[in-house]
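Let's take a friendly walk through an assembly of several chains, looking at how its parts meet. Have the viewer open and follow along.

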There are 4 protein chains.
Amino acid sequence: MGRFGILTSGGDCPGLNAVIRGTVLQGETLHDQEFVGYLRGYRGLVYGDVMSLDRGVVRGISSQGGTILGTSRFGPYTEPDGTPDNIKSHMRRLGVDGVIAIGGDGTMAAANRLYEDGIPVVGVPKTIDNDLEATDYTFGFNTAVEIATEAVDRLRTTGNSHKRCMVLEVMGRHAGWIAMFAGTAGGAHAILIPEHPESLEQICEWVRSVQDRGRSPMVVVAEGFTLPDMDEAHSHKGLDGFNRPRLGGIAEILAPLIEEKTGIETRATVLGHIQRGGVPSAWDRVLGTRFGQAVSNMVADGAWGQMVALRGMSVERVPFSEAVGHTKNVPLEQYLGARAIFG
Amino acid sequence: MGRFGILTSGGDCPGLNAVIRGTVLQGETLHDQEFVGYLRGYRGLVYGDVMSLDRGVVRGISSQGGTILGTSRFGPYTEPDGTPDNIKSHMRRLGVDGVIAIGGDGTMAAANRLYEDGIPVVGVPKTIDNDLEATDYTFGFNTAVEIATEAVDRLRTTGNSHKRCMVLEVMGRHAGWIAMFAGTAGGAHAILIPEHPESLEQICEWVRSVQDRGRSPMVVVAEGFTLPDMDEAHSHKGLDGFNRPRLGGIAEILAPLIEEKTGIETRATVLGHIQRGGVPSAWDRVLGTRFGQAVSNMVADGAWGQMVALRGMSVERVPFSEAVGHTKNVPLEQYLGARAIFG
Amino acid sequence: MGRFGILTSGGDCPGLNAVIRGTVLQGETLHDQEFVGYLRGYRGLVYGDVMSLDRGVVRGISSQGGTILGTSRFGPYTEPDGTPDNIKSHMRRLGVDGVIAIGGDGTMAAANRLYEDGIPVVGVPKTIDNDLEATDYTFGFNTAVEIATEAVDRLRTTGNSHKRCMVLEVMGRHAGWIAMFAGTAGGAHAILIPEHPESLEQICEWVRSVQDRGRSPMVVVAEGFTLPDMDEAHSHKGLDGFNRPRLGGIAEILAPLIEEKTGIETRATVLGHIQRGGVPSAWDRVLGTRFGQAVSNMVADGAWGQMVALRGMSVERVPFSEAVGHTKNVPLEQYLGARAIFG
Amino acid sequence: MGRFGILTSGGDCPGLNAVIRGTVLQGETLHDQEFVGYLRGYRGLVYGDVMSLDRGVVRGISSQGGTILGTSRFGPYTEPDGTPDNIKSHMRRLGVDGVIAIGGDGTMAAANRLYEDGIPVVGVPKTIDNDLEATDYTFGFNTAVEIATEAVDRLRTTGNSHKRCMVLEVMGRHAGWIAMFAGTAGGAHAILIPEHPESLEQICEWVRSVQDRGRSPMVVVAEGFTLPDMDEAHSHKGLDGFNRPRLGGIAEILAPLIEEKTGIETRATVLGHIQRGGVPSAWDRVLGTRFGQAVSNMVADGAWGQMVALRGMSVERVPFSEAVGHTKNVPLEQYLGARAIFG
């Protein structure tokens, strides 16, 4: 019973459409719920901008990347119109009884504030970096790891043929989960993540020792990794004589430094946006679908102010107040475990 | 410290080589362990048939399907030579201090008996069907689900173009996890699993209702599913006048029955062995690697008589006595949850 | 200038939607043409059953398998309504000035007869088997080969792990192009095609010699291959005591025969429909797009009674009368070339 | 009869190992030839540095990227040791009767000079860019196009979700074949290639018109494309106040320019090395195998001073003197054809 608005906010992520589809099918079939889709994240909520959303609309979308609702980095309180009264007034006009917000930590924080301001909201966590403490996994992460691992596999054959060191930069601004998984899966000789500094000397030592064993070094680095001596690195004067501002990412800083210190020809690849788009993996579609079904059940129970989360094999509910603001880092022990078998 | 023999037993599975590599790298690097590989499962153990296994041998194998050790369905106690004394004598001859057995429920049961007969054994669970109660997931399952889901995606476009019903048979002898995941990911209109009988009438009703909404029905069935009236089905007399023995699988039984009862042209595909071979998914390589590292730690701790298991995000230890013989079925509730949104 | 009806007929094939999109975009942009889509092949033509077809409708479809128009094996002359007068009358009613028929040899033969009966028709050849003499390649073939090759790669690891012979059946009713390409790409130890008989003895000799060199035999067989002694094979009495009618395909006949004669455990996989659906390869999308653009140009030129064809790197025009009925077999020389390096 | 040395020179390319395997299998089976592998391109030839190369060594390599022989950009005449006499002396010492050089235009030019200096050499053309006039296609190109097209597919969903313009840079230094194929397959709204200048104004007009129709612009650009006003672009002062030297490629120059002129948020992705490594497509393995078989036949015929080439469906022989130095550009007509249906 009731009519609910779904929105997707923040960076896009494989599995968003599976969540939308799972919510709508579960709601229509089991709970007699109706849905509208807010366009472009919180912007749609604030301006009352919606599209219709029913079984027909969500047909076949779970195998598509991105989000059919569009998304933005717009926060609900950042513009003059973004007041609880305005939002409620648009909800009344549209006959919307509650909001389902799908997004990252910032989205959930905003959802919590909306909830405290009297707006019925539930959440579905989303972060391609998998760095939310409250849930074992988020959808999108698995797809990103598969894409990054395929890149490691591909780069390795080029590295071996040319006796080069290859440096691959993957996503992971604050936590290095994608680098950890793709590096482990691809048998990287060094994995560099934001949580655990490694010196340029240590990195070069790994690279040299791999080379000495007759192999071609493969380094996987998360975009958020920084060298302890990074300021120096930022202004590193390249062979071309230019001062080199940080443009393309940490891989493009690391590669010339490694080459300079080891004498081994080194090439950087920044994987970038191709990690977040396209056909989601089966795992992410299943997780998204289950999250969508669970959030429809939450709405049916009136369990506002909470979000869904994966714990072991089951989908559970967690209050926003507990979930928000807790980043899940790669534990030191797990990093050292992976590090033990580098190369 | 010490020298250990690794064996892989039962059906092959993507991720086996990642376990072998993870064990050897962890053992050599952290625990000063040495390894040999028993050839073709318990056969190698019984006949003392081994290959050398060190860092050089396991280089780059985690991205390869199958097992470099070979495998068989041979049990250690089934032949005259398969006595604990013979096995111990071969172990002494080869200087092997303990055994790491990688395999399914039968392999673990045999490992337990060997352990009770005084042979130091630890285990790594393996089942592509994911039907072991003791662990959330086993490696290989994820790869199989991705392959099966791609098949659903492919069959769907043919079904839609020809207005046909497509029936896809996937693995799952006793438990329907692959069908559940691939069917959910692919948006199947019916998922049929061994644990939960559905009548032919119910299946045909789903198929018809999908057709009535202008879509082309997609049925995903686990190989172990049986119709309540299966005996009749087995001897079903086809349009070609032949009595039809069960050759190709349940999909080839179901398809003509559905076509006959609904009048909708129906085609069967039996996915078969392509689900278990080839490049493992990143997820399975990571899980295999972590299992391998953990089992090397168990050996270092002398924790014989136990196997590794995934619980939530951590790898734990479970005694054989607790783990063996407990199948993990798809819970009824979860099946009904997926069933609620069929089509 | 003018308004044209597009139809897709016969089995579906990856790249059909690329042809449709290429035709519509080229026609609207360069030639001021309008289009309608006939539904379900010639059925739509005979009954005047159409959907609208413009730039908006074809947006993004080239990466989708199947055909948005639907297809059927219906011939234009097979039913009472299927007369040139009826067809012309529907065309007048719908304002359709000419027909673009996309299909196989049968579709082109029917197109030629329609053309001789005074209906303006042009054609785009389609056969996933690549067995049309008039064109170097047809779209869909490349996708099928990639899927079949991935299956060979996957089966190989299972074969090696279990020391089994694996038999993979791929499409190819009259010509063995898919088997030739996938077998060559996958390094098969035997490739069996309809054009060139091989005796069971020869096949078993290849299998044995591979086994003798310590490898696991991989046999790729086209569905249209028959043993010289096939009638006997058809009624082969299996180990289960049943007479074995031909149900699942030639692979399921061959596998037990090979196992019986060589004593090597042998498994069959019938790839079936997954070869023809799903996301088309880039090559097939490009070829489909180029065919579509070229057929729009043909219509603009009033070049009725002809079809497009790939010759080297260029797309050319061939009269139906020359193109129809000429199958392109794998040349004996090319087969012997592949055969020389088996295993 | 005889013993021949194979070398791979220049950038690595999917399909190199298929050529090596095809040559060795054909030679051993049909012509009683023996082979050695020169290590790291012409370096191995000049210094007489070889590995053994027989049926056992080439087993299963055609599905691997890179080259088992290693490669380099070393030319045979660039160092003091690189004299015909030295090379011949090493050949005599190793019992090598002739050389099979696999490489790009530079490699073939060097091969021609060696041939003129009295060394028996034959060639196999290799360029991932597909820009050799003498052959319809080179191996590696097809794999690169498939990888680039998958990237277009992935970027599109992100572009649509965020209403962004996405710019993808693919390989193609002198000729834009990869951009043409991947852009056509992926339905790009603009394709930019080295052969045909387009102004920034024209590009922005395409981008804007796509946006105006409610879609998200996708631009595919070959690395060798330059803006007519490129010098200005090179020193473009970014929002960060730095002068921006050309680091990451043309996509990273174009994206901020497009964003500045259109006001549409624009993101660049440089695909880079992942286009050239990893598992080759079936097509490239088949083409590589056929080239390898053909070059073994050439050697058997003593047809020195020539290279193999694909013409239509057959593999032919072309004298170095005719083949070298003729780049195959994308013909203007074909580019305009693709351009006609942008968006």
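This report covers the contacts between chains, the symmetry that relates them, and the two domains of one chain. Please keep in mind that the model is predicted.

## How the copies are related

A good place to begin is the superposition of the copies. Chain C can be laid on chain D by a turn of 180° with a shift of 0.0 Å along the axis, and the RMSD is 0.0 Å. The two copies are thus related as by a two-fold rotation axis. If you want to find that axis in your viewer, look for C:Gly312: of the residues of chain C, C:Gly312 comes closest to the axis, with its C-alpha at 2.0 Å. The same surface serves both copies here, since 100% of the contact residues of chain C recur in chain D.

Chain C and chain B can be treated in the same spirit. A turn of 180° and a shift of 0.0 Å along the axis lay chain C on chain B with an RMSD of 0.0 Å. Because 100% of the interface residues of chain C are also interface residues in chain B, these copies meet through the same surface.

Which pairs of chains do not touch? Chain A and chain C do not touch, and their nearest C-alpha atoms are 10 Å apart. No contact joins chain B and chain D either, and the closest C-alpha atoms of that pair lie 10 Å apart.

## Two interfaces of chain C

Chain C meets chain B and chain D, and the table puts the buried areas and polar counts of these interfaces side by side.

| Interface | Buried area | Share on carbon and sulfur | Salt bridges | Residue pairs in polar contact (both at pLDDT 80 or more) |
|---|---|---|---|---|
| Chain C and chain B | about 3000 Å² | 58% | zero | 14 |
| Chain C and chain D | about 3500 Å² | 60% | two | ten |

### Towards chain B

At this interface, 41 residues of chain C are in contact with 41 residues of chain B. On the chain C side, the residues that lose the most area to chain B are C:Arg154, C:His273 and C:Ile274, which together give 22% of what that side buries. The count of salt bridges between chain C and chain B is zero, while 14 residue pairs are in polar contact, both residues being at pLDDT 80 or more.

Turning to secondary structure, helix 6 (141-162) and strand 9 (266-270) of chain C each supply at least two residues of the side that touches chain B. Helix 6 of chain C gives the largest share of that side, eleven residues. By class, the side of chain C that touches chain B divides into twelve nonpolar, 16 polar and 13 charged residues.

### Towards chain D

Here the contact takes 41 residues from chain C and 41 residues from chain D. About 3500 Å² is buried between chain C and chain D. In chain C, the most area is lost to chain D by C:Trp283, C:Met313 and C:Ile341, together 20% of what that side buries.

How many salt bridges are counted between chain C and chain D? The count is two. C:Asp153 forms a salt bridge with D:Arg285, and the closest N and O atoms of this pair are 2.8 Å apart. Ten residue pairs between chain C and chain D are also in polar contact, both residues being at pLDDT 80 or more.

Several helices of chain C each supply at least two residues of the side that touches chain D: helix 1 (16-30), helix 6, helix 7 (177-186), helix 11 (282-300) and helix 13 (332-340). The largest share of this side, seven residues, comes from helix 11 of chain C. The classes on the side of chain C that touches chain D are 14 nonpolar, 16 polar and eleven charged residues.

## Inside chain A

Finally, let's look within a single chain. The domain assignment of chain A gives domain 1 (3-140 + 277-323) and domain 2 (142-275). The centres of these domains of chain A, taken over C-alpha atoms, are separated by 35 Å.

The contact joins 13 residues of domain 1 of chain A to 15 residues of domain 2 of chain A. About 920 Å² is buried between the two domains of chain A, with 51% of this area from carbon and sulfur atoms. A:Ile128, A:Asp129 and A:Gly277 supply 47% of the area that domain 1 of chain A buries against domain 2 of chain A, more than any other three residues.

Across this domain interface of chain A there are zero salt bridges, and eight residue pairs are in polar contact, both residues being at pLDDT 80 or more. The side of domain 1 of chain A that touches domain 2 of chain A has six nonpolar, four polar and three charged residues.

Key: Residues numbered from 1 in each chain as written. Chains lettered and ligands numbered in written order. Predicted model: local features only at pLDDT ≥ 70, side-chain atom pairs only at ≥ 80, totals over all residues. Heavy atoms only, no water. Contact = heavy atoms within 4.5 Å. Buried area = accessible area lost by both parts, 1.4 Å probe. Salt bridge = Lys/Arg side-chain N within 4 Å of Asp/Glu carboxyl O. Polar contact = N/O pair within 3.5 Å; in protein donor to acceptor, adjacent residues only side chain to side chain. Helix = DSSP H or I, 4+ residues; strand = E, 2+ residues; numbered from the N terminus. Nonpolar A, V, L, I, M, F, W, Y, C, P; charged D, E, K, R; others polar. Domains from an automatic or database assignment. Least-squares fit on C-alpha atoms with pLDDT ≥ 70 in both.
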